[in-house]
Amino acid sequence: MYMSIASKSSLRHIYKTVSGHSNKMRNTIILILIFCLFGCSSDRPEKYDLAISNVNLIDGTGKSMKTNVSIGIRGGKIVTIDSSTIERAKSVIDGTGKFLIPGLFDCHVHTNDFESDFPKYVHYGVTSIFITGGSLCTNEYYASMRAHGNQDTIPAPIVFHTSQHFTMAGRHPMKTYVGKWFDGKSVFLLKDTLQIEALAKEVTQYPIVGIKLTIEDGPHPPWVERMPQRFVNKVQKEAIKNDTEVFAHVSDNIELEMAMDAGIKNIVHWTGIDLDFQRDTVLIDKIYRVRPSFITTLMIDKGFLYPLFPEWIEALRREKVFDEEYWARADNPNFIARAEDNIRFWKDYFQKEEIKLEDIASFQVDDIKVLYEDGILFALGTDTGFFVLPGYSLHEEMQLFELGGMDQLNIIKMATLNAAKMMHAQDSLGSIEDGKIANMILLDRNPLKKISNTLAINTVIKRGKIQKRIEK
Ligand SMILES: [Zn+2]
């Protein structure tokens, strides 16, 4: 708090004019005057730490855009949203002609180098992430990622995470990523159902959103036996007993049905699921009975194809955020072979000679839209790895949904409020509403015209503070 020079001299002047009165009366008048100077003058403390004035607001709830809105932020939270211009703020951003959306939320993240990855998320406006296990994800590694998310000096998203993977020996993810896992530390290899009781108790001592359970017969040959249904049921039962939820990794309709039979409420991948609403009535009935939430991860399919599409790599290169090692992967013969395998798979699947990204996006978005319109919750996630990159790929995920025919307001909602709902954090995160944490992105172009305009980022704000972005 401070007094301006003008205020100080007027105080001196008043002091002189009242100095003829008795001491007691003079002191009282001075006290009142001082109170008035601090309490009523324009020198009183600013009402807001940060304000954004006259902006076009897309609040993340799915409601249509509001024009000429001003947002007042104090103590890291949104405290005012109205149509009058805010002036009394320590700093004001003129939002004229700009678009404000909530900070994005990637609901399926892995990282083996969070110190390098976290600033990239923030650079791309991803202010919250959900980490669903990983080979390094011991309790200590999770704790240091959470700590990073909770400070404001180094750019880092707010971190939510599952437990370590619950799986079985010889299965995914150790089968897929050989030799990197630590049983009892970054993965729990289930041997019998009895063991699950103690394990569920153990992992719920930590601030997890839920237990990560991997039901998977692949993902690549040689195929393995799936986790028996009784193990899946037992994990779900013990999760409920410990007041938590299960986040199941499934890779096809059969595994989805196993998860539904156990009553599991969260599915971490849409990838591999393909519903025929005429044929799959049994499974669809089960989905509507359990009403699970789904994370999308359409990016997995695009990621595998990257080495065959030089224009995607060129777009990535133009971003100047990722090192050469990222696109050097495109020259790796193994990755090229895998991409060609994938293309062959899609040609066969669609019975088409030429495969477009649109085909891959729309057959999935078509199914998702039916469930979504019936109130099933979908949150966007990317499953970072290979050519699915920190921050940038969540924008690609949104573009895939647009390509598949989803409208932009709902795409933004899936990347913000729906993700917060899945984390049960919707009271504090996910939308631009009164009382919520001020995580938001100011855009130079309208994302409702074209969703790729979410990449026209002007400013990223996390907990009311402007974030440092990567210099290009
Ligand atoms: Zn994953």
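Before I turn to the zinc site, let me fix one term: a residue counts as buried when its relative accessible area is under 20%, as exposed when that value is over 50%, and as partly exposed in between. Please also keep in mind throughout that what we are looking at is a predicted model.

With that cut-off in hand, consider the zinc ion, whose protein donors are His 108 through NE2, His 110 through NE2 and Asp 383 through OD, all lying 2.1 to 2.5 Å from the ion. Along the chain these donors follow the spacing H-x1-H-x272-D. His 110 sits in the loop between β6, residues 104–109, and α3, residues 114–123, while Asp 383 sits in the loop between β15, residues 378–379, and α14, residues 392–403, so this pair ties together parts that are 273 residues apart in sequence. As for accessibility, His 110 has a relative value of 21% and therefore counts as partly exposed, whereas Asp 383, at 15%, counts as buried.

Let me move from the site to the sheet that contains β6. This is an open sheet of 3 strands in the order β6-β7-β8, with parallel pairing. Because β6 and β8, the latter covering residues 158–161, stand at the edges with a single partner strand each, one side of each is left without a neighbour in the sheet. On average, and ignoring direction, neighbouring strands here are turned by 20° against each other. Looking at one pairing in particular, β6 and β7, residues 126–131, are joined in the parallel sense over 4 bridges, and Val 109 has Ile 131 in β7 as its bridge partner.

Two helices belong in this picture. Helix α3 packs on the sheet and touches β6, β7 and β8, its direction making about 130° with that of β7. Helix α14, for its part, lies across β6 and β7 and runs at about 95° to β6.

Elsewhere in the chain there is a hairpin, in which β2, residues 66–74, and β3, residues 77–82, pair in the antiparallel sense over 5 bridges. Gly 72 has Thr 80 in β3 as its bridge partner, and in this hairpin, with 2 residues between the strands, Gly 75 takes a positive phi near 60°.

I will finish with internal space, and ask how many cavities of 30 Å³ or more the structure holds. There is 1, and about 60 Å³ of space lies in the largest cavity. Among the residues lining the largest cavity are Phe 105, Thr 127 and Ser 128, and also Thr 416, Leu 429 and Asn 439.

How values were computed. Residues are numbered from 1 along each chain as its sequence is written. This is a predicted model: local features need pLDDT of at least 70, side-chain atom pairs count only at pLDDT 80 or more; totals for chains, interfaces and linings use all residues. Side-chain values use heavy atoms; hydrogens and water are left out. Donors are N, O and S atoms within 2.8 Å of the metal (3.2 Å for Na, K and Ca); water is not among the atoms, so sites may look incomplete. Buried means under 20% relative accessible area, exposed over 50%, partly exposed in between (1.4 Å probe, protein chains only). Two strands pair if DSSP finds at least two bridges between them. Axes are lines fitted to C-alpha atoms, for helices over the stretch in contact, and angles run from 0 to 180 degrees between N-to-C directions. Contact means heavy atoms within 4.5 Å. On a 1 Å grid over the protein atoms alone, a cavity is a set of points where a 1.4 Å probe fits but cannot get out, and a pocket is an open set with protein on both sides within 12 Å along at least five of seven lines; lining residues have an atom within 4 Å of a point. Grid points are joined across faces, edges and corners, and a volume is the space filled by probe spheres set on the points.
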